[in-house]
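Visitor: I would like to learn how to read the place where two chains meet. Please take me through it.

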Amino acid sequence: MKDATDATLIEKTLEGDERAFAELVRRYQAAVRATVHRLLGYSADDDDAVQETFLRAFTALRKFDRRYPFGPWIMRIATNYCIDQLRKRKGVRLRLWSELSEPEQQRLLWGLASDDGGAAAGVRDTRDYAALAQTLLNGLNPKYKAAFVLREVEEREYGEVAAILGTTEVTARVRVSRARAELQKKFNACLAGAGRGTGQ
Amino acid sequence: MKICDRLDSYRDGELSGPELEEFRRHLGLCAECARRLAVLNRVVVALRQESLPVTDLADRIVRRAFQRVPAWDELLAAWFRPRWAFAAFGLTMALAAFLWFTPAGPANVLTEYDALLQHAESSNPADELLTASENDFALTLVQGGLNK
């Protein structure tokens, strides 16, 4: 089963072979989990999102065109699910960033923009920026966020980003560009807020 | 195009030769562009380095997939697919309702016509005046006058 191609596994799944579908899940669950985690930005939702992605894929498997690779298709299902969830949760703020103290928030904000990677601000590990990064991402339009994560974080080519998002390469480029600009605006707003002592 | 606008192309590795050199020089002079790139770099690195739990959900997913009971909305959608079958069913029901509630078929229409004709030939116009509504009363009077 481990050596079978995706197309073979799909065919066996449609015939009712549970092991074939389990193998398909194992091949792609790590990639799906990484993407949904970065898009949803809150670990508690990850398991649900991964399960729902594969269940939706299972339901639609009969309609999947096996001439095309399975990877971008399952990623598209995952991305669309996350975009829907983000739209429903619009306005719900993550607690991670707001759980930090204001001096901690200021330190990370200044560290993020500094030339020395935050060393002068006392940031020892770039993983300290994870909560800040998620906060900045969570302010983005869901479609721009999806494009940004796929291109910048997962380093996919624009062609693949377009295939996953179900759009053209030009649109994918525009979304990434807008995401970058929005990220910067949100960062500036956080910085201004931290400077006033309000934090965010 | 302002040189700052080339930041996306630079970020995507699409600049080369003199354009690339020019933008690198620009980064040394433009604090805003330098900051934008620094923020982007660190956000991306932070997200990539975030460690994610390794959880194997395959067995749970497979169990749910193969035991899945369709949701009510899926059953409803399946019932009305394909649309042409639903349309044919609706048309059949409409025709049945029409035949049920309208007067009986052509054969009986003729029988009813004969009965009306017979009644008209045998009835006394004067009797009609005693039972008709006001409108019918006026009509009968006019018809009675024409017949004379």
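The dialogue below turns to the interface and then to one buried residue.

Guide: This is a predicted model, in which local features need pLDDT of at least 70 and side-chain atom pairs count only at pLDDT 80 or more, while totals for chains, interfaces and linings use all residues. Residues are numbered from 1 along each chain, chains are lettered from A in the order written, and side-chain values use heavy atoms, without hydrogens and water.

Visitor: How many residues of chain B are in contact with chain A?

Guide: Contact means heavy atoms within 4.5 Å. Here 33 residues of chain B touch 50 residues of chain A.

Visitor: What is the area buried between chain B and chain A?

Guide: The size of an interface is often given as the accessible area lost when the parts come together. Buried area is that loss, taken with a 1.4 Å probe and summed over both parts. For chain B and chain A the area is about 4000 Å², with 58% from carbon and sulfur atoms. On the chain B side, B:Arg42, B:Leu47 and B:Phe66 lose the most, together 17% of what that side buries.

Visitor: How many salt bridges does the rule find across the interface?

Guide: A salt bridge is a side-chain nitrogen of Lys or Arg within 4 Å of a carboxyl oxygen of Asp or Glu. The rule finds eight between chain B and chain A. One of them joins A:Arg26 to B:Asp56, with the closest N and O atoms 2.9 Å apart.

Visitor: Is A:Arg175 buried or exposed?

Guide: Buried means under 20% relative accessible area, exposed over 50%, and partly exposed in between (1.4 Å probe, protein chains only). A:Arg175 is buried yet has no salt bridge; A:Glu182, the nearest side chain of opposite charge (Lys and Arg count as positive, Asp and Glu as negative; His and the chain ends are not counted), is 11 Å away. Leaving aside neighbours within four places in sequence, A:Arg175 has contacts including A:Tyr144 and A:Leu165.

How values were computed. Buried area is the accessible area (1.4 Å probe) that two parts lose on being put together, summed over both.
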